Amino acid sequence: AVTLLAAEQEVENLSGLSPNPEKDIFVVRENRTTCLMAEFAAKFIVPYDVWASNYVDVSGQADIPLSRGAEMKGKCGTNESELEISWLEQAYTLKLFFLKEGHNTSRGQEAFWRLSRVQFVYDTAERTYFKDAVSPGKHTASSHRLSALVTPAGKSYECQAQQTISLMSSDHQKSVQLLLSEVRVQPFDITADFVFSEEHKCPVDQREQLEETLPLVLGLILGLVIVVTLCVYHIHHKLTANQVQIPRDRSQYKHMG
C-alpha cells in the first residue's frame, strides 16, 4: 500500500454552486493545489428494526439523503485517495476509498482508477430519519470486493444516471443501498485548480446518448439514400431520353434519312 501524503490540507464544500439541493461539490487541496474533486447526489436506504404497538419487532426503512453543508476531509496519494463526509453532527459518515492501478489490455499495460471501498457509519438513535428503533446505536455498513467507477488514469468519471452500491451492515447483516446520481469524480491527476479533466462517461450514459442520436443518424442515412436514388433515377432517365432509337424492323429503314 502506498503511504498517503501528509500535507497541509484545505477542504471546501462548494454545494452552493449546484442548483440541485441534494447535490454537493467537494474539493480537497494539498500544497495549494486541487488533488481531489467530487460532486454527486447521494441517498442511503437503510432497513432497521422498530417497535410495534404490540412490542413485536417489525421492519422499518430510513431514506437518508446526503445533506448540504456536510463536513468533509480527505487525503490524496499517488495511488490511493480518500474522501470522508459527515453530516447531522456526525450521526452519519460516508467514506469513499479510491485506488489507482495498472491493468493489462490489448494495447499493453494501462493505468485505471476505481472506487475500491465504501463505508457508511449511521446512528439509529438519530431521530430525523430513524423512528422508534430497537436498540438504537451506531452501525457500520461496508462494501465487499468493490470495483466501481472504473476510469482511465488522468480522466474524471461522469455519470448522470442513478447507480446503486450495496453495503452490508453490522446491524444483523442488513443490506444498505447507496444510490448515487449526477456523479462527477476525479481523485487523481488533476492538472488545473478546481477543474475536472476530460470526462469518461459511464456505460449507461453512453447507451442513453446512443439511443438519442441513433434515430437522428438513421434518419440522415435514409434521407441520403432517397436523395442518391432520385439523382440516379434522374440521370438514368435523362440518358435514355437522349439515346436515338434504332429500329429493329428493316421495313422502317426507308422512312429514315
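Here are some questions and answers about a predicted model, built around its strands, rings and empty spaces.

In this predicted model, local features need pLDDT of at least 70 and side-chain atom pairs count only at pLDDT 80 or more, while totals for chains, interfaces and linings use all residues. Residues are numbered from 1 along each chain as its sequence is written, and side-chain values use heavy atoms, with hydrogens and water left out.

Q: Is strand 13 largely enclosed or open, and how many of its residues are buried?
A: Let's start with the terms: strands (E, at least two residues) and helices (H or I, at least four residues) are DSSP runs, numbered from the N terminus. Buried means under 20% relative accessible area, exposed over 50% and partly exposed in between, with a 1.4 Å probe and protein chains only. Strand 13 covers residues 175–186 and is largely enclosed by the rest of the structure, because the buried ones among its twelve residues number nine.

Q: How many bridges join strand 3 to strand 13?
A: Two strands pair if DSSP finds at least two bridges between them. Strand 3 (residues 33–51) runs antiparallel to strand 13. One position to look for is Ile45, which stands opposite Gln177 in strand 13. The number of bridges joining strand 3 to strand 13 is eight.

Q: Which residue of strand 13 is the bridge partner of Tyr157?
A: Strand 11 (residues 156–159) is joined to strand 13 by three bridges, and the two run antiparallel. Tyr157 has its bridge partner in strand 13, and that partner is Val185.

Q: Which residue in the turn between strand 12 and strand 13 has a positive phi?
A: Strand 12 (residues 163–169) pairs with strand 13 in the antiparallel sense over six bridges, and Thr164 stands opposite Leu179 in strand 13. The two strands form a hairpin with five residues between them. In that turn, the residue with a positive phi of about 55° is His172.

Q: Is His172 buried or exposed?
A: You can find His172 in the loop between strand 12 and strand 13. Its C-alpha is 9.4 Å from that of Tyr48, although the two residues are 124 apart in sequence. With a relative accessible area of 64%, His172 is exposed.

Q: How many residues does strand 13 give to the lining of the largest cavity?
A: On a 1 Å grid over the protein atoms alone, a cavity is a set of points where a 1.4 Å probe fits but cannot get out, and a pocket is an open set with protein on both sides within 12 Å along at least five of seven lines; lining residues have an atom within 4 Å of a point. The largest cavity is lined by Phe40, Leu96, Leu149, Leu180, Val183 and Val185. Strand 13 gives the most to this lining, and its share is three residues.

Q: What is the volume of the largest pocket?
A: Grid points are joined across faces, edges and corners, and a volume is the space filled by probe spheres set on the points. By this approach the largest cavity has a volume of about 40 Å³. For the largest pocket, the space comes to about 150 Å³.

Q: Which residues lie closest to the centre of the largest pocket?
A: Twelve residues line the largest pocket. The ones closest to its centre are Cys35, Gly77, Thr78, Phe188 and Asp189.

Q: Which residue in strand 8 is the bridge partner of Phe97?
A: Strand 7 (residues 92–105) and strand 8 (residues 108–123) pair in the antiparallel sense over 14 bridges, and a hairpin joins them through two residues. A charge sits over a ring if NZ of Lys or CZ of Arg is within 6 Å of the ring centre and within 35 degrees of the ring normal. Over the face of Phe97, at 3.9 Å from the ring centre, lies Arg117. In strand 8, the bridge partner of Phe97 is also Arg117.

Q: Is Leu88 buried, partly exposed or exposed?
A: Strand 6 (residues 80–87) and strand 7 form a hairpin with four residues between them, after pairing in the antiparallel sense over eight bridges. Leu88 is found in the loop between these strands, and has a positive phi of about 50° although it is not a glycine. At 37% relative accessibility, Leu88 counts as partly exposed.
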